[in-house]
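Subject: Handing over the structure

Hello,

Here is the structure I promised to pass on to you. Please have a look at it first, and then read on for what turned up in it.

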Amino acid sequence: GQLAMSRDALQILLDMYGNNESVLSEFFTELGGERTLRLIDEIGDILGDDPGPEVSATLLLLAGTVRSALSLASSNWTASEAETFASQMISNETLASTDLDGNAAIAYLFSNSIDSPMGEELALATAKAIDFRERVDGLPLNNLALSPNELPWSGGTVLMFAENPNLAQRMPGGHTGDYRSFFPSEDYVFFYVDAAGEVFQSLGRYPESAYEFIGADFAGDNPAEAQARIDYWYGGAASDASGIGHNWVADGFEGAAALWLGATQVEGGPVVGLYDGSEGGVGATEAWMSGAILEALAGEDRNPGFLTENLSDTAAIDFGAAITMHLDGISQAMVGGESVINSDGIAFITFTDPITGEVQVMRDLESETFMSIIGEVAANPGGGISLKAGADALSSDILAATNGNPGALPDAVDQVIRLQGVVDGGSAGASLGMAERTDEELREMVDQVTGAYANLAGFVSLPGGFLVGGTAGVIVDGATSAWADRWFSDSRTYPT
């Protein structure tokens, strides 16, 4: 009837102007954030009524087209345009509505950050609006405070489930992946999609803006605000206004992981561009930010929800990649080094990047913090593979940087041992200690890169393996041996 004609007309309009950024920008600017959410919600509502295979396919296509169109429309929005649209989506009138699940509609719009990413300014503006609403004002993004009978029919959640039935794995009680089995149902009160997570994943695609959101304020006039933001989103701290913290279980920590991974890749940070380790520089500020995230997740006052069983595979892989980007600094911080205190009283360890030769800094944290986060991430198969692959790639680069110079190889191998040992030691139940590697694995790595392992001085034969002497002795002195015995499950006594 009339509704079907309207759907068809909208699909034709979006198809006709699907590649015209200016027309789509004008369309969504006129439609506004709230009405865009209502459009998505209504499409999902109809889909939830199980209208049959043909109509269902048409509805999924239409919702996906709206999302793709907004992606293109917002790709060059100014900060002002993005802030207006975001404020309309995150308004109290929109999110407190009893006939609209705005949280789920936002989650759907931002849920395809690979093929249909929202524009950079829109991702940043929406993240800031969510942060202010949840953390500062203490207001929820969802309507879970309502009783099941009062909950709005969630078109956005229906669309999320229809596109990805595996979301049902996060439901309690072993439910199936049939999204229709959840609506209407009291079970809905136990499950919700997380708009913050989807928005943060999108923001993570844009390193400069991701860094602006969670890192840049450390170098500004109010580092306490930056710390509070990380404490809330990573540490599980409660909002001062509501006394409630953010629960990442619905998202599997994917948003938090992607956001950190993106911010770490900021220009001037540890992996991109010329490193700026001066106080207030991007490199030093990124180190402060990453140290704060590590402490929030796994420090003394750690996030109680940051457990292997609460990490999705995607989150574990992203966390593994983010850790790998700091692995040279982490490995140095764990064995000690020159400590520098900045003007805010924050302690850093200085170290030399083994590949670029740049002097970089890493937060001087307790070894338990580093090992705890590596252990939680590595216990997930995807996270373990991510960490191991990253450590192997970094190790190969370190060895390759010696250019086959026998005089440079001992120091390079020392660094490789530290890197590999941190990853091996962080895995609960790992059989390899910090300073010990099997003959076959390490010698093969050295030989592949340099063809010169037989010329290395300082190899000390051990039963089933070998130890590298020389400067690597710092790894196996008495103090470190005691520390290693505490943390590594095989509890070996490491020879000096």
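To follow the ring cluster below you need one rule: rings of Phe, Tyr and Trp, with the six-membered ring standing for Trp, pair if their centres lie within 6.5 Å. Ring pairs of this kind link Phe200, Phe213, Tyr232, Trp233, Trp248, Phe253, Trp260, Phe306 and Phe319 into a cluster. Please keep in mind that this is a predicted model.

How many aromatic pairs does the rule give? The count comes to 12. For Phe27 and Phe28, the ring centres are 5.0 Å apart and the planes stand at 85°; planes over 60 degrees apart count as edge-to-face, so this pair is edge-to-face. Phe27 is partly exposed, with a relative accessible area of 24%, whereas Phe28 is buried, at 1%. The cut-off here is 20%, and buried means a value under it. A ring also has a charged partner elsewhere: Arg67 lies over the face of Tyr108, at 4.3 Å from the ring centre.

Now for the overall picture. The protein has 20 helices and 6 strands, and 54% of its 496 residues are buried. Take the contacts with a separation of 6 or more: residues 24 or more positions apart account for 71% of them.

One member of the ring cluster, Phe253, deserves a closer look. Phe253 lies in the loop between helices H11 and H12. With 2% relative accessibility, Phe253 counts as buried. Most residues other than glycine have a negative phi. Phe253 has a positive one, near 70°.

Another cluster member, Phe200, brings us to helix H9, as it is among the buried residues of that helix. H9 covers residues 195-203, and 9 of its 9 residues are buried. Besides Phe200, the buried residues of H9 include Glu198, Gln201 and Leu203. What covers the buried residues of H9? The cover includes helices H6 (102-109), H7 (120-136), H8 (155-163), H10 (207-214), H11 (223-233) and H12 (254-264).

Helix H13 (residues 282-298) is another one to look up. Its 17 residues should span 24 Å at 1.5 Å a residue, and the end C-alpha atoms are 24 Å apart, which agrees. In H13, 15 of the 17 residues are buried, so the helix is largely enclosed by the rest of the structure.

Gly299 is found in the loop between H13 and helix H14 (313-324). Is Gly299 buried or exposed? At 9% relative accessibility, Gly299 counts as buried. Leaving aside neighbours within four places in sequence, Gly299 is in contact with Leu294 and Thr369. Gly299 and Thr369 are 70 residues apart in sequence, yet their C-alpha atoms are 4.8 Å apart in space.

Lastly, the sheet. Three strands form an open sheet in the order E1-E2-E3, with antiparallel pairing. Strands E1 (339-341) and E3 stand at the edges with a single partner strand each, so one side of each is left without a neighbour in the sheet. On average, neighbouring strands of this sheet are turned by 40° against each other, direction ignored.

Going along the sheet, E1 and E2 are joined by 3 bridges and run antiparallel. Val340 stands opposite Phe348 in E2. The hairpin of E1 and E2 has 5 residues between the strands, and Gly345 takes a positive phi near 80° there.

E2 (residues 347-352) is also joined to E3, by 5 bridges, and these two run antiparallel. Phe348 has Arg363 of E3 opposite, and Thr352 has Val359 of E3 opposite. This hairpin has 6 residues between its strands, and Gly357 in the turn has a positive phi of about 80°.

Strand E3 (residues 359-363) is mostly covered, with 4 of its 5 residues buried. Helix H15 (residues 327-335) lies across E2 and E3 and runs at about 115° to E2.

I hope this helps you find your way around. Write back with any questions!

Best wishes

Definitions and conventions
Residues are numbered from 1 along each chain as its sequence is written. This is a predicted model: local features need pLDDT of at least 70, side-chain atom pairs count only at pLDDT 80 or more; totals for chains, interfaces and linings use all residues. Side-chain values use heavy atoms; hydrogens and water are left out. Buried means under 20% relative accessible area, exposed over 50%, partly exposed in between (1.4 Å probe, protein chains only). Two strands pair if DSSP finds at least two bridges between them. The expected span of a helix is 1.5 Å times one less than its number of residues. Axes are lines fitted to C-alpha atoms, for helices over the stretch in contact, and angles run from 0 to 180 degrees between N-to-C directions. Contact means heavy atoms within 4.5 Å. Rings of Phe, Tyr and Trp (its six-membered ring) pair if their centres lie within 6.5 Å; planes under 30 degrees apart count as stacked, over 60 as edge-to-face and the rest as tilted. A charge sits over a ring if NZ of Lys or CZ of Arg is within 6 Å of the ring centre and within 35 degrees of the ring normal.
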